[in-house]
Amino acid sequence: MAVPDILYVEDNEDFVDVVERAIGQIDGTTVLRTIDDGALALNTLEKLAEDKAKPKLILLDLNLPGLSGLDLLRRIKETQSLRYVPIIMFSTSDNPKDIRSSLEFGANAYVTKPLGYTNLVKCLSAMHEFWLKTSSAVA
Amino acid sequence: MTDYQVDLTNCDKEPIHIPGKVQAHGFLVAVDNQFVISYASENISAFLPTQAADLLGQKVSALEHLLLQQEETGFISQLLLLGRHTKSFETINPYKVIINRADHNLILSQTGSYFLLEFEPDSTATEVDIHKTIGRSVSEMLAGKQLKQLLDNAAQQVKQLIGYDRIMIYKFLDDGHGEVIAEYKEDYLEPFLGLHYPATDIPKQARELYKKNLTRIITDVNAESSPILGMASQGEEKPLDLTCSALRAVSPIHIQYLKNMGVTSSFSISLMYKDELWGLIACHNYSPRFINYKAREASKLIGQIISSALEYKQDEANVQKNEQFKAAYNELSDMLRKGGDIGEAITQHETNILSVTDATGAVLVYEDKITSLGQVPDKADLENLVNWLKKNMEDRIYYTHQLPEVYQPAKNFSNVASGILACTLSKEMGELIAWFKPEQLSTINWAGNPNKPVEVDAHGVMNLSPRRSFDVWQETVRNSSERWTREEIANVLKLRDEVVFAINRQANEIRLLNEKLKQAYEELDTFSFTVSHDLRTPLSTIKNYSELLLEANQSLDDDAKRILRKVIAGADKLNFLIKEVLNYSRVGRADLEYTDIDMKSLVDEIKNDLVVALNIRDLQFEVGDTPLLYGDRTMVTQVFANLLNNAIKYSAKSNPPKVRVEGKETSTEVIYSINDNGIGIDLNYYNRIFDLFKRMDNVRGYEGTGVGLAIVKRIIEKHHARIWVESELGVGTIFYVAFKRNV
């Protein structure tokens, strides 16, 4: 199994589709893997960790079937081998409560999903620029 | 007047049941449990060849020997044993004995541990065979349809039965005084009908005796009564209780009273109504008169028949009125049970609280409002009266027909409210209902001046004595209304229960409503969340794909592109609206986190964002003093973002747009003003600018959702702060927000 650069946990097919398109447009070489279930995502990450592999960036939606985004976040940050993988919460909600609890559980950033494809591309390329290109040095 | 008050109420203390004497027309012997003679009246010597003192201490058989010898020895003991065994002498009395060749009646009774043996003549003044006539009399009496007629008939029939000179039906009124309400008499006598007698004429303990002995005869007021001797061995003279005695001597005061009236002999029959003394059939004779035991028992029977008729007739007399009251009560309670406004239910219909009594006015004091019906005192008088009632009403009900006597200020409005009947609804809230009856000037004809019971003798010494004059003495009674009837009071109590029940039920309904409201609020929370997530997600899809299509698909022509841009613009607008509504509902459920807010940086930050967003180049933005503001940072930011957004947006077309923000501190508040030179707000809209989705006529062409000021208002309310506005069309607007200082 190829090690993804970005693991995107999202249950909305449309979002998955546009994010895939946007990432493809930004950088054709970035490997994006999407998973639509929280528990499955944790499982996948744990398997990767066994092979001493991990993604460079994790994008988490808040509302997920199986395991909620916040729970998944907590579980990842509790896992020794995964705790330094940057996690960005990527949600429609701009509720201050959601933002606060995400940061408390250790999210590295909280980004409200931008409205529209154009904004999405801008937003993702900024993320790509910062987290993928610079973080490789840290990792 | 002297300092020393003497009046006939002293009669109250006279122990009339133990006079120690008997009337002279018969004699009395009392035996103890062992049938040993313990008491005997001195006048026994007038009937039998013995002295009272000689009998004391002897067995009762000694008495038998003195009586005619044909009787078997031991008959008195046997009668006593029988009576003691059956606990009643009713079937034994009277027992015929012959004394001095004349028929006499022996009447037995028990008092404490003694047995009374009373001997009295069997001869009687009436020659009529009472038992034959009584049946006819009773049917004559009861023929009367109305109470008045019944009593008139009764007086006439009693006169025919026992033949006294004057028969009166005497009724006790509430305060104990009496009135002659029916009379049948010899023609030559002056009528007493309609005369009133003060309560003191028949003192309390006398009334008690009338309840125990339903008949009472005073044979001759001029005859010397005979003392009762007791056994010397008993040491102190222990007076014999003569409550049940037929021969009991009469109180000297009463004797004097009768003498003053010119009466020589009297007989009275008690009239009872529901175990209380309702009145008397008072029979007067102007010469000595005695009627025997049987005649007295027959009279007693008539009294009992009238008494039971009274219960029926008295009720019947008021039946019609009471039916009306009851119907009104039923209608009101139906209205109350329907729910709705309680005050309205019992005051705003044709049938209202006035209809449950004979009152001419009524007030309802409920929920801080006084609702008046009919004739009531003036507003100020009424308020004072209500306050007095609130303070002084101990029970759930209070009534008087003489309000000015207990509440002086009522003299000023006695014409509308001499009588009051009030019931509390809630003592804590001071809620009540009161009914009024007007003054009824009435004249009372007293039989003699009731206020002058004291006689002054020739030496100027005051004597306790009944009045000598029974000449009609008129008194005009003021400040009195018609009395409240038992039925009116009962109705009011029932209505009160019904109203209190309705109030409690309503309180429960409000509590339930509250619960539902809470539930709805929680549902709104869920709704907000749904809006936030479920609505925005498909909206994103619309916008994402529209943009993607626009950007990535080269085959689109210009028209298709323009249409797609419209879709995108629509999605943007929808997104903005959803966000605003979300913000609005979020204010409701958010908990406030109070902090001291640095307003300088907050205002600057907002301003910078807005200038970029609204793309205003020539804005002159001034910030004055910026005192700390105590509130929830996120929400206060929302308030200023909205107000500044409006200020900048609506002055954008001014040349140049000017906006000034400054804060001032008072002793209790921090007040910020946001002043612009924009389009202004129409005065008529001041009240409505804070309503949700309300936009003014002059803002066409300006972007907006109509949610911003509604959010501001909600936040302000949540902080218990204040907001107000000054504005002039075409000149500008100043919004003020005042937050409480941090103390």
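How many residues from chain B and from chain A does the contact take? The contact takes 19 residues from chain B and 18 residues from chain A. The legends below describe close-up views of a predicted model.

**Figure 1. The interface of chain B and chain A in the predicted model.** Some 19 residues of chain B and 18 residues of chain A take part in the contact. Between them, the two chains bury about 1,900 Å², with 50% of this area on carbon and sulfur atoms. Of the area that chain B buries against chain A, 28% is supplied by B:N544, B:Y545 and B:L548, more than by any other three residues. Helices α13 (486-552) and α14 (558-589) of chain B each supply at least two residues of the side that touches chain A. The largest share of that side, 13 residues, comes from α13(B). By class, the side of chain B that touches chain A comprises four nonpolar, seven polar and eight charged residues.

**Figure 2. Polar contacts across the interface of chain B and chain A.** Seven residue pairs are in polar contact across this interface, both residues of each pair being at pLDDT 80 or more. The count of salt bridges between chain B and chain A is zero, whereas the structure holds 29 salt bridges over all chains.

**Figure 3. The open sheet of seven strands in chain B.** The strands follow the order β1-β11-β3-β2-β6-β5-β4, with antiparallel pairing. At the edges are β1 (21-22) and β4 (95-99) of chain B, each of which pairs on one side only. Within the sheet, strand β2 (residues 27-31) and strand β6 (residues 114-121) of chain B pair in the antiparallel sense over five bridges. B:L28 has B:E118 in β6(B) as its bridge partner.

**Figure 4. A salt bridge between helix α8 and strand β6 of chain B.** The closest N and O atoms of B:R296 and B:E120 are 3.0 Å apart. B:R296 lies in helix α8 (residues 293-337) and B:E120 in strand β6 of chain B, so the pair ties together parts that are 176 residues apart in sequence. Both partners fall under the 20% cut-off for burial: B:R296 has 4% relative accessibility, and B:E120 has a relative accessible area of 1%.

**Figure 5. A salt bridge within helix α8 of chain B.** The side chains of B:K300 and B:E297 meet at 3.6 Å, N to O. These residues are separated by about one helical turn because they are three residues apart in helix α8 of chain B. B:K300 is partly exposed, at a relative accessible area of 23%, and B:E297 is likewise partly exposed, at 28% relative accessibility.

**Figure 6. Salt bridges in chain A.** The side chains of A:D71 and A:R74 form a salt bridge of 3.5 Å, N to O. The two residues lie three residues apart in helix α3 (residues 69-78) of chain A and are therefore separated by about one helical turn. A:D71 is partly exposed, with a relative accessible area of 30%; A:R74, at 31%, is also partly exposed. A network of salt bridges links A:E10, A:D61 and A:K113.

**Figure 7. The surroundings of B:I716 in helix α17 of chain B.** Helix α17, which spans residues 708-718, contains B:I716. This residue counts as buried because its relative accessibility is 2%. Neighbours within four places in sequence being left aside, B:I716 is in contact with B:A721, B:R722, B:I723, B:V737 and B:F739. The C-alpha atoms of B:I716 and B:K664 are separated by 17 Å, and the two residues are 52 residues apart along the chain.

Terms used: Residues are numbered from 1 along each chain as its sequence is written. Chains are lettered from A and ligands numbered from 1 in the order in which they are written. This is a predicted model: local features need pLDDT of at least 70, side-chain atom pairs count only at pLDDT 80 or more; totals for chains, interfaces and linings use all residues. Side-chain values use heavy atoms; hydrogens and water are left out. Helices (H or I, at least four residues) and strands (E, at least two) are DSSP runs, numbered from the N terminus. Buried means under 20% relative accessible area, exposed over 50%, partly exposed in between (1.4 Å probe, protein chains only). Contact means heavy atoms within 4.5 Å. Buried area is the accessible area (1.4 Å probe) that two parts lose on being put together, summed over both. A salt bridge is a side-chain nitrogen of Lys or Arg within 4 Å of a carboxyl oxygen of Asp or Glu. A polar contact is a pair of N or O atoms within 3.5 Å; within protein, one must be able to donate a hydrogen and the other to accept it, and residues adjacent in sequence count only if both atoms are side-chain atoms. Ala, Val, Leu, Ile, Met, Phe, Trp, Tyr, Cys and Pro count as nonpolar, Asp, Glu, Lys and Arg as charged, and the others, Gly among them, as polar. Two strands pair if DSSP finds at least two bridges between them.
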